[in-house]
Amino acid sequence: MNVTPPSASPLPRPFAFPRVGHLPFLALDTLGFLRRAAKTHGDVVDIRFGRHLTVLLSNPADIETAHLLSGREFDKGLAGDPVLDALIGRGLLTSEGEFWRRQRRLAQPAFHKARIEGYAGAMVAYAERLARTWRPGDVRDVHADMMGLTLEIVAKTLFDAEPSTEALHTVGEALDVVLRENERQWRGMLFLVPPLLAESRRRVTDAVRRLNAVVRDIIDERHAHPGDRGDLLSMLLEARDDEGLGMTDAQLFDEVKTILLAGHETTANLLSWTWMLLASHPSAESRLHAELDEVLQSRAPTLADLPKLAFTTAVTKEVLRLYPPAWSVQRRTVNAWTLRGHILPPGTPLLISQYVVHRDERWFEAPDEFRPDRWLETNFERRLPKYAYFPFGGGPRVCIGQAFAQMEATLLLAVLATRFRLRSTGAVPLEASITLRPKKGLVMRLHGR
């Protein structure tokens, strides 16, 4: 069956194998293959998952259209994804239409600037607690440390919960299983071996069952002891729409799981990539330390310090450019879309990769180099096409937790980099799952400052 859409001209397509399409290339090197496809074949490329067409978009103007018209001409196309359905159900990440709009309106007040800023003290306190367990000369999996730290913070600041060590381990382990299995299934090779796919799905189901038990305990405890504790869960429980209706238990359950995933996994990955890049760029690391020493004078950072930490902020922006934790977003055409001489029919999946666009030499000089200074250049960001840099997405579905994540990453980096410098002990392969994460952790040696 011919599944190529009707078009005024055929979509450019890299060499594809019969039946399996580009799956072998994606399985071997997902990110490298997508970069090569965009660089060689242009801004609109036919990518085949087996025989199924997905269109890779790489031009900021087209990406802006797909983001700004989300909910009208495009949807996210995530409904029916077996891993996401199992993991977070119909949370803000995956829901569509009026259901999503209602959920977003109910959740938005919890992410008000004043409420987010109130979490700064807790973020610093938890980072300091981790720092007290670090010892110069120790060799640690720093990625695991960042995952644990951000999970503690999201549990406390968003749910006012102090989960037990066992509960934290259960959540972390369950999310790790789901993300790794998603990466294997996303690459598609498991579909060629049905027994392997069945075993992968069994592992996902078991991990989600354990995660659900922890989340249910958090919600049950809050129902038993209601009241506004100044956290997100309080506001989600008390939120009402124009008709005076709140979230159902099922909606609340899915949103809590969504926030658990998005509220710690992404920031942990951002910090892990930050440590890796600083370790291999000592001049940038020295400049970061100099700024922290000058501004903080060996004390803990506060919310008021953030505007003074210009280079620290530039470091996190540059890490988000090179290693965006959300490395891709998806959209799907609702109606036919004529794009650069090609007619994409309704229901065409679109793949938009921040990783690919952020490393495009048309928008960034020396795109593969770690250069935090570029963000301090006069009018640098204003000169960029709007969607040449979009680590948190954009349009009506921009990440609701963007301000939370940016504040958290800067504060945690400031606390830990004031006391330590870290050095890698080996190669750090990438894993492009739902998020972009170190495939085998990040083992580093700690050095006191």
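This note goes through a pocket, several salt bridges, one annotated residue and two helices of a predicted model.

1. The second largest pocket. This pocket has a volume of about 430 Å³, and among the 18 residues that line it, those closest to its centre are Ala144, Met147, Gly148, Leu168 and Gly172. Three elements each give two or more residues to the lining, namely helix H7 (142-159), helix H8 (165-187) and strand E11 (436-438). Of the contributors to this lining, H8 gives the most, with seven residues. In character the lining of the second largest pocket is mixed, since its residues divide into five nonpolar, six polar and seven charged.

2. A salt bridge between buried partners. The structure holds 41 salt bridges, and one of these joins arginine 48 to aspartate 46, with the closest N and O atoms 2.6 Å apart. Are the two partners buried or exposed? Arginine 48 counts as buried because its relative accessibility is 6%, under the 20% limit used for that word. Aspartate 46 has a relative accessibility of 1%, and therefore it also counts as buried.

3. A salt bridge within one helix. The side chains of aspartate 206 and arginine 209 meet at 2.7 Å, N to O, in a salt bridge. Both residues belong to helix H9 (residues 194-224), where they lie three residues apart, which is about one turn of the helix. Aspartate 206 has a relative accessible area of 28%, so this residue is partly exposed.

4. A salt bridge between distant parts of the chain. Glutamate 381 and lysine 317 form a salt bridge through their side chains, at 2.6 Å from N to O. The pair links parts of the chain that are 64 residues apart, with glutamate 381 in helix H15 (residues 380-383) and lysine 317 in helix H13 (residues 310-322). Glutamate 381 counts as partly exposed because its relative accessibility is 40%, and lysine 317, with a relative accessible area of 23%, is likewise partly exposed. Elsewhere, salt bridges that share partners bring Lys156, Asp160, Glu221 and Arg229 together into one network.

5. The annotated cysteine. In the UniProt record, which is an unreviewed entry, the feature "binding site" is placed at Cys399; the annotation may be inferred rather than shown by experiment. Where in the fold does cysteine 399 lie? Its place is in the loop between H15 and helix H16 (402-419). With a relative accessibility of 34%, cysteine 399 counts as partly exposed.

6. Helix H16. The helix that follows this loop has 18 residues, which at 1.5 Å a residue should span 26 Å, and the 27 Å between its end C-alpha atoms agrees with that expectation. Because 14 of the 18 residues of H16 are buried, the helix is largely enclosed by the rest of the structure.

7. Helix H11. How many of the residues of H11 are buried? The count is 27 of the 32, so H11 is largely enclosed by the rest of the structure. Its length can be checked in the way used for H16: the 32 residues of helix H11 (residues 249-280) should span 46 Å at 1.5 Å a residue, and the end C-alpha atoms are 47 Å apart, which agrees.

Note on methods: Residues numbered from 1 in each chain as written. Predicted model: local features only at pLDDT ≥ 70, side-chain atom pairs only at ≥ 80, totals over all residues. Heavy atoms only, no water. 1 Å grid on protein atoms, 1.4 Å probe; cavity = no way out; pocket = protein on both sides within 12 Å on 5 of 7 lines; lining within 4 Å. Points joined across faces, edges and corners; volume = space filled by probe spheres on them. Helix = DSSP H or I, 4+ residues; strand = E, 2+ residues; numbered from the N terminus. Nonpolar A, V, L, I, M, F, W, Y, C, P; charged D, E, K, R; others polar. Salt bridge = Lys/Arg side-chain N within 4 Å of Asp/Glu carboxyl O. Buried < 20%, exposed > 50% of the residue type's maximum accessible area, 1.4 Å probe, protein only. Expected span 1.5 Å × (residues − 1).
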